[in-house]
Amino acid sequence: MVEYNIIKYCRICKKRFIVNRGESKIVFCPNCQIKVDTERNKEEVKE
């Protein structure tokens, strides 16, 4: 089976990025994903 890449647009910064077909559920670029993860961790610590 052929593996191919998908071009997606980040939901935060609207930047284009490439993901593998198996990772098609990713909606944030790698830079924004780090920001989202840190904010989620801060919210978990507050609770």
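How far is the sulfur of C32 from the closest cysteine sulfur, and in which residue does that sulfur sit? Select C32 and C29 to find out: the two sulfurs are 3.6 Å apart, too far for a bond. Keep that pair on screen for a moment while we set the scene.

**Before you click further**

You're looking at a predicted model, where local features need pLDDT of at least 70, side-chain atom pairs count only at pLDDT 80 or more, and totals for chains, interfaces and linings use all residues. Residues are numbered from 1 along each chain as its sequence is written, and side-chain values use heavy atoms, with hydrogens and water left out.

**The whole chain**

Zoom out and switch to a cartoon view. The protein has 1 helix and 2 strands, and along the sequence they follow the pattern β-β-α. Helices (H or I, at least four residues) and strands (E, at least two) are DSSP runs, numbered from the N terminus. The C-alpha atoms fill a box of roughly 45 × 25 × 10 Å, taken along the principal axes.

Now turn on the surface. About 4,300 Å² of it is accessible, and 53% of that belongs to carbon and sulfur atoms; these areas come from the Shrake-Rupley method with a 1.4 Å probe, and for residues only the protein chains shown count as cover. Of the 47 residues, 17% are buried. Here buried means under 20% relative accessible area, exposed means over 50%, and partly exposed is in between (1.4 Å probe, protein chains only).

**Stop 1: the cysteines**

Hide the surface and go back to C32. A disulfide is a pair of cysteine sulfur atoms within 2.5 Å, and by this rule the count comes to 0 disulfides. Select C10 next: C10 is in no disulfide either, and its nearest cysteine sulfur, that of C13, is 3.7 Å away. C10 is buried, at 2% relative accessibility, and C32 is buried too, at 4%.

Show what surrounds C32. Contact means heavy atoms within 4.5 Å, and leaving aside neighbours within four places in sequence, C32 is in contact with C10, I12 and C13.

**Stop 2: the core**

Which residues make up the largest nonpolar core? Select C10, F17, V19, F28, C29, C32 and V36, 7 residues in all. Strand β2 (16-20) and helix α1 each supply at least two of them. A nonpolar core is a set of buried Ala, Val, Leu, Ile, Met, Phe, Trp, Tyr and Cys residues joined through side-chain atoms within 4.5 Å.

**Stop 3: F28 and I12**

Pick out F28, in the loop between β2 and α1. Is F28 buried or exposed? F28 counts as buried, at 17% relative accessibility. Not counting residues up to four places away in sequence, F28 touches C10, R11, I12, F17, Q33 and V36.

Try a couple of distances from here. The C-alpha atoms of F28 and Y9 are 7.6 Å apart, although their places lie 19 residues apart along the chain. For I12 and F28, 16 residues apart along the chain, the C-alpha separation is 6.9 Å.

Click on I12 itself, in the loop between β1 and β2. With neighbours within four places set aside, I12 is in contact with F28, C32 and V36.

**Stop 4: K14**

Stay in the loop between β1 and β2 and select K14. Phi of K14 is near 65°, a positive value in a residue other than glycine. Most residues other than glycine have a negative phi. K14 is exposed, at 58% relative accessibility.

**Stop 5: a patch on the outside**

Bring the surface back and colour I7, Y9 and I18: together they make a nonpolar surface patch of about 360 Å². I7 is in strand β1 (residues 5-9). Patches are made of residues with over 30% relative accessible area and no salt bridge, with like charges joined within 9 Å and nonpolar side chains (Val, Leu, Ile, Met, Phe, Trp, Tyr) within 5 Å. A salt bridge is a side-chain nitrogen of Lys or Arg within 4 Å of a carboxyl oxygen of Asp or Glu.

**Last stop: K42**

Finish on K42, in helix α1 (residues 30-46). K42 is exposed, with a relative accessible area of 55%. The C-alpha atoms of K42 and C13 are separated by 21 Å.
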